[in-house]
Amino acid sequence: MENTELTYDELDDLIYSLRYIRDVSESNEKEALKCIQRAINMKEPELEAKARLSYINQVIHLNKHELGIAMFPSVLKYCDETQDYYIYYSTLWTYKWIIEHIKGFSKISLQKIEELYNDMEKRFIDYGATKKVIHYFKVNYYIAIGEIDKAKLAYKNYKLFSKESTLEDCKACQRDSILNYLNVTENYKEFFKVAQVLIDKIETCAEVPAISYPKILLASINSKKWEQAAEFELLTKKAIKFKHANLEEAYPLVIYYAITNDFLKARNLVEKQISFALLNGNEIDRFKFFLSFGLLLTKIKQNGKTKLKLKLPENLNISNSSNEYLIEDLLNFADSKVKEYASAFDKRNANNYYTQEIETFYNKYLTLKV
Amino acid sequence: MSTSLFQVDLSGVLKVLSDSLYSSYQVFIRELLQNSVDAIQARKNLNHEFTGKITVSYFDKGDEKTLIVEDNGVGLTLDEVDEFLSKIGSSSKRNQKVNRDSFIGQFGIGLLSCFMVSEEVVVISHSGKTNESVKWVGNINGTYQKSRIEDDLAIGTSVFLKIKEDVHFDYDLIVELLHKYADYLDTDVQFIYNGIEKESFNKLFPWEKATLDDSVLRLGREKFNEDFSMYFMLKDSSGQNQGIAYIIPRKTHYGTVNAHQVYIKRMFISDKSNEILPEWAFFIKAIINSSNLSPTASREELYKNGVLDKTKIDLGNCIKEYMMDLGANSPESLVKLIKIHGEALKSLSLEDESFLKFIAQWFVFPTTEGNLTLNEIRKKTKSILYISDLDEFRQVLPVAKANNQLIVNAGYIYDTEILNKLKEIDKKYNYQLIDIEYYGNILSDLPIEIYDAIQSRVVDLQFHLEDFLCELEIKSFEPEKLPAIFYMSQDSMLERDLTNIKEESDDLWSGVTDSLFSFNKQYLSKLFLNYNNPLVVKILTSKNKDLDKVFVQMVYVNALMMGHYPLKNTELELINSNLLVLLEKAL
């Protein structure tokens, strides 16, 4: 029987692999958690911090953002106590993931989020970054809380900086992130200009352009470029396997399938993703997923159908063993989810952006025809 | 509104080239060879029987160093000189409608690289088309002169460079560069030093020889500075990408980025390419020559496009086929390969079901009976029980051994996923993922009369574990010397950890966590006491309750430590306080 103890170096290697491995999985998540334990038992706080970063990498990419957020303060605390430069750099990178998702939880107050932004900004500036990276994240933050004018200002400020500085996302990721903003502000002329560099793969990285394709699909739908939409539907499906939670990426696809009456493809995708949407993770993504699901059901209903076969997770209160449902029941379910999130976000954000968004969404997509 | 042309500052362009585009000034040799190869190719396109030749002459007179690169390619007319040498970004190859793909260069910036080493570039050329000889002199200040010359030259082109004094350049360096760039060109390259013929460069790639011989291993050592013993031929489905894959003779980790050597149309492009093989092939270093991939403008990297994507997949399939072939014809070599690179192959098999079906039988797993291949495990049992956690496996090990039960330790990376996948595709066997709780539940219950007799004592003991959210159960199992086994689920472990973090965080982060979770008060772990253990029997049948707390809490803490679960401060304190109680009793 071989020795099952890992040496320091073996554990370090394993932690490293789990941090930089591209394909995240439940078993890697579990392994990362075990690595934290092993590091604690070895009394190696540096390894423990690294293991926690590996764990956060896994859970963030598995859509379990809340676990990553709850784990993060321990790494930050370690860095503050030890001044470990190497880990601090990785920690600040991870802070970006945290800040990117924290706004997607309606129970976290705006005051807390603002405090976290201030904390992050201070740390980043102290580390040598410019305010560009702060404005960059604020663009998406303001969009998420429905403050579009502030988002526009943040984008303007972001664009004022031409010089790159440390801790910024790679150029491809920055471009990809800008696509979100341009989609929301409906600036499609600039959108396609920015997107072309990614489509041509002039700027690429491990994730871009794969994650850009659904955004381009959405912009193509919104600007009624149907041939282009068809192309990016294919590219999205080729690039993203939807094995894990990809709610953000599923959203434009479901809309596209609803508009094109491609209900079979839509159902397959919904079946793959709905358990993730019900489980955990960023609520904005879940809101959007159920919004697109509602559109799909409405379109099916408009086509004269009253029932739909659909595999739902067994533990869902509306699930039944026949897997056949009245469209009306499913629609009520999707609507209740959408309204639940919209109301929670609007309450937190003290506006009616999300409630308004539901109306805008249906007005826009129910009238669109290919 | 009038239209004007951009004014190009040549020295500025050169700075861009040297600072940003090219990795080193030394690439000018490659650019010159490239132009010569392409000129020869253009002439071959007109006359397929034509034999090309390139001569590189280096004259070193101490204070004056001159390099001349001559070819017998198609040559340039006066108009072409104007178009292709004097306009930056204009390439004779770009406009070719026919056979454009047979050229390597297409960007029209190659000759500019010469200005990184010389103030002046002189080109003398005789075109086969017009039978005229021309001279072009380009200067680093951005000016140039061109003229027809009355010389009875042979068809071809010569480029003359006077090497700048501040540029490091000598005999050894040029020989090194010619080996790097000219070794495998399909045109004979001759090197002349101070008028004396020194070396010729014109080799075949090892895979182009009739048989693969020792030169393959020598080449591997030379290129990668590593002694290989296993290698195989790489070839994509189109046959346009060929090479040698060397299997790294030491363990590599997932995520290792290997630098492969890539040639395009026999011209060296990069020794740092990591795009040409799939990510999972991190146990391989390769030398590849491509005739359909494209270089970037710097010609030092591969251009990322659909052709590259397809080539990567194709070459990946070639690697898989090699291993399947090994399994059929040289299984001992496959075992050796798996011993070193099992992790990589396991990762690969998760991507490809057919490959998994083939290779799974060779994979080695640690078990309660030592390291066994899956094939050996299948021969021993139809029900393959596996535990996905190293520490849980360690706890189960003595119990399983005492009960002659074969359990697979699937706690190493990929093992659980592989066995999960096999569960779906290999229906001949019953693959079952278990944990200690499962194992605890299948351990023998006590006879009802014995349990009833001690039930109140179990309740007494349970009371002392409530603070630790640990549930107590009584079972009987072998070996009898083991008082208990302990189980804590992943969710429970995580909850313990996050609670700790929250308690130690400042108000801001603690408040954030509170907004995300509400931690429930429920049992987080389970302790299975072994009624076969004499000490357990003694405590459960004794009427004296004085030592209940010490006993059960010490067993609990011991189980936590044996299971490598991190101890909270309150649990650490138990050791001290209970030890003192024991000492007091003993004294």
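In the predicted model, helices α10 and α11 of chain A meet through a defined set of side chains. A:Tyr188, A:Phe191, A:Phe192 and A:Ala195 of α10(A) contact A:Ile216, A:Ala219 and A:Asn222 of α11(A). The residues of this contact comprise 6 nonpolar, 1 polar and no charged. Two packed helices are described by the angle between their axes and the distance between the axes. Here, α10(A) spans residues 188-199 and α11(A) spans residues 213-222. Their axes come within 11 Å and cross at roughly 145°. The crossing of α10(A) and α11(A) is left-handed.

Helix α16 of chain A covers residues 327-349, 23 residues in total. From first C-alpha to last, α16(A) reaches 32 Å. That span is close to the 33 Å expected at 1.5 Å a residue. Buried positions in α16(A) are A:Leu330, A:Ala334, A:Val338, A:Tyr341, A:Ala342 and A:Phe345. The buried residues of α16(A) pack against two helices of chain A, α15 (283-302) and α17 (353-366). They also pack against strands β1 (307-309) and β2 (324-326) of chain A. Just after α16(A), A:Ala350 adopts a positive phi of about 55°.

The largest nonpolar core holds 244 residues. Within this core, A:Val254, A:Leu296 and B:Leu527 touch the most other members. The neighbours of B:Leu527 were examined further, leaving out residues up to four places away in sequence. B:Leu527 touches B:Leu465, B:Cys470, B:Leu472, B:Ala484 and B:Phe486. B:Val555, B:Tyr556 and B:Ala559 are also among the residues that B:Leu527 touches.

Methods: Residues are numbered from 1 along each chain as its sequence is written. Chains are lettered from A and ligands numbered from 1 in the order in which they are written. This is a predicted model: local features need pLDDT of at least 70, side-chain atom pairs count only at pLDDT 80 or more; totals for chains, interfaces and linings use all residues. Helices (H or I, at least four residues) and strands (E, at least two) are DSSP runs, numbered from the N terminus. The expected span of a helix is 1.5 Å times one less than its number of residues. A residue is buried if 20 or more other C-beta atoms lie within 10 Å of its own, exposed if 12 or fewer, and partly exposed in between; C-beta atoms are placed from the backbone. Two residues are in contact if their C-beta atoms, placed from the backbone, lie within 7 Å. Axes are lines fitted to C-alpha atoms, for helices over the stretch in contact, and angles run from 0 to 180 degrees between N-to-C directions. A crossing is left-handed if the near helix is turned anticlockwise from the far one by less than a right angle, and right-handed if clockwise. Ala, Val, Leu, Ile, Met, Phe, Trp, Tyr, Cys and Pro count as nonpolar, Asp, Glu, Lys and Arg as charged, and the others, Gly among them, as polar. A nonpolar core is a set of buried Ala, Val, Leu, Ile, Met, Phe, Trp, Tyr and Cys residues joined through C-beta atoms within 7 Å.
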